[in-house]
Amino acid sequence: MTHQLYWRSAFFHHTLAVLLSFRALGVLGGPISDSGAAALLAQEWSVGILMSHGGTLKSVIIYYSKYGSTKDYAEWLAQATGAELVPLAEAKKLDLSGFDAVVFGCPYYAFRLKIAGLVKSWVPRLAGKKVAFFAVGGEEPTNPDCRKVYDTAFPDSVRAAMRFFYFPGRIALGRMSWFDRLIMKLMKAKDYDHTSRDVIAPLVEFLKG
Ligand SMILES: Cc1cc2nc3c(=O)[nH]c(=O)nc-3n(C[C@H](O)[C@H](O)[C@H](O)COP(=O)(O)O)c2cc1C
């Protein structure tokens, strides 16, 4: 597996920050409203929730995915545990008391985890449950840096109660928005697909109790 070194390069970090600032100001890609600017990183994200009733534990898997690789992982996990797909709109009404385990899944984008706010706000409701978090990104799973964004996103107290898993992701330039493609081109990133059904095994095992 090729190392995706550009994720940790200072050049990537700085270029991304400049491009995002320009985009939010409407300098790149035409005018953009205040709320649009605030939601810039949120737009185009597909959001979903999966409920799993298979295995020993009754589990719910909540995921965010922009280009589908995190969704693939969530669906593979759901299939392996007899999962049922539920739209995010129903997450707010979700009564977590019915679940033994809660799993969050989210890709890294620009060193951030879109789902982090939700996880933090749910901490009191997660007490007494098995909780896992799987991140999807461009790093190689054997690289300790693949934890870095996750470690930064959550305080020790939250991470102590949550098991971390990391799954390698995918990039398909042809399917990206012009903005993401521009960032990737500046990084000289090429298409790759490191997703694999095999890597979910430890998380499937975790959900068995
Ligand atoms: C604009 C952009 C920024 C990214 N930033 C990071 C990053 O900071 N760290 C990382 O490991 N991967 C990064 N990636 C790689 C994604 O995490 C990876 O492609 C993942 O599989 C995407 O998940 P999705 O298909 O569910 O949207 C980035 C990809 C894009 C297109």
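Q: How many helices and how many strands are there in the protein chain?
A: The model is a predicted one, and 28% of the 209 residues of its protein chain count as buried. Among contacts between residues at least 6 apart in sequence, 74% join residues at least 24 apart. As for the elements themselves, the protein chain has eight helices and nine strands.

Q: Which element gives the largest share of the largest nonpolar core?
A: The largest nonpolar core holds 35 residues, and those touching the most other members are Ile61, Tyr73, Leu77, Leu113, Phe134 and Ala135. Two or more residues come from each of β2 (59-65), α3 (69-80), β4 (101-109), β6 (130-137), α5 (148-153), β7 (163-168) and α8 (201-207). The largest share of this core, six residues, is supplied by β4.

Q: How many residues of β4 are buried?
A: β4 pairs with β2 in the parallel sense over five bridges, and with β6, also in the parallel sense, over seven bridges. Its pairing with β5 is antiparallel and runs over two bridges. The strand is mostly covered, and of its nine residues the number that are buried is eight.

Q: Which residue stands opposite valine 60 in β4?
A: β2 and β4 are joined by five bridges in the parallel sense, and one of the partnerships places serine 59 with alanine 101 of β4. For valine 60, the residue standing opposite in β4 is valine 102.

Q: Which residues of β2 point the other way from Ser59, Ile61, Tyr63 and Ser65?
A: In a regular strand the side chains alternate between the two faces of the sheet. Seven of the seven residues of β2 are buried, so the strand is largely enclosed by the rest of the structure. Ser59, Ile61, Tyr63 and Ser65 point one way from β2, and the residues that point the other way are Val60, Ile62 and Tyr64.

Q: What distance does α3 reach from its first C-alpha to its last?
A: In α3, Ser69, Thr70, Lys71, Tyr73, Ala74, Trp76, Leu77 and Ala78 are buried, and just after the helix glycine 82 takes a positive phi of about 75°. At 1.5 Å a residue, the span expected for the 12 residues of α3 is 16 Å, and the model comes close to this with a reach of 17 Å.

Q: Which residue of α8 is in contact with phenylalanine 134, leaving aside neighbours within four places in sequence?
A: With those neighbours left aside, the contacts of phenylalanine 134 include Tyr73, Val103, Gly105, Phe165, Tyr166 and Phe167. α8 spans residues 201-207, and the contact of phenylalanine 134 that falls in this range is Leu203.

Q: Which residues of the shell around the ligand are the closest?
A: The shell around the ligand has 12 nonpolar, seven polar and four charged residues, and at least two residues of the shell are supplied by each of α3, β4, β6, β8 (170-171) and α7 (178-186). Proline 107, one of the closest residues, stands opposite valine 136 in β6. Of the 23 residues that surround the ligand, the closest are Lys66, Thr70, Pro107, Gly137 and Gly169.

Q: What is the phi of alanine 110 in the hairpin of β4 and β5?
A: Most residues other than glycine have a negative phi, and most peptide bonds are trans. In β5, the bridge partner of tyrosine 109 is arginine 112, and the hairpin has two residues between its strands. Alanine 110 takes a positive phi in this hairpin, near 50°.

Q: Why does phenylalanine 111 count as partly exposed?
A: Phenylalanine 111 lies in the loop between β4 and β5 (112-113), and its phi is positive, near 65°, although the residue is not a glycine. A residue is partly exposed when its count of other C-beta atoms within 10 Å falls between the limits of 12 or fewer for exposed and 20 or more for buried. Phenylalanine 111 is partly exposed because the number of other C-beta atoms within 10 Å is 16.

Q: Is lysine 188 buried or exposed?
A: Lysine 188 is placed in the loop between α7 and β9 (192-193), where its phi is positive at about 60° although it is not a glycine. With 7 other C-beta atoms within 10 Å, lysine 188 is exposed.

Q: What C-alpha to C-alpha distance separates proline 168 and threonine 195?
A: Proline 168 is in strand β7 and counts as buried, because it has 22 C-beta neighbours inside 10 Å. Proline 168 and threonine 195 are 27 residues apart in sequence, while their C-alpha to C-alpha distance in space is 5.6 Å.

Methods:
Residues are numbered from 1 along each chain as its sequence is written. This is a predicted model: local features need pLDDT of at least 70, side-chain atom pairs count only at pLDDT 80 or more; totals for chains, interfaces and linings use all residues. A nonpolar core is a set of buried Ala, Val, Leu, Ile, Met, Phe, Trp, Tyr and Cys residues joined through C-beta atoms within 7 Å. Two residues are in contact if their C-beta atoms, placed from the backbone, lie within 7 Å. A residue is near a molecule or strand if its C-beta atom, placed from the backbone, lies within 6 Å of it. Ala, Val, Leu, Ile, Met, Phe, Trp, Tyr, Cys and Pro count as nonpolar, Asp, Glu, Lys and Arg as charged, and the others, Gly among them, as polar. Two strands pair if DSSP finds at least two bridges between them. The expected span of a helix is 1.5 Å times one less than its number of residues.
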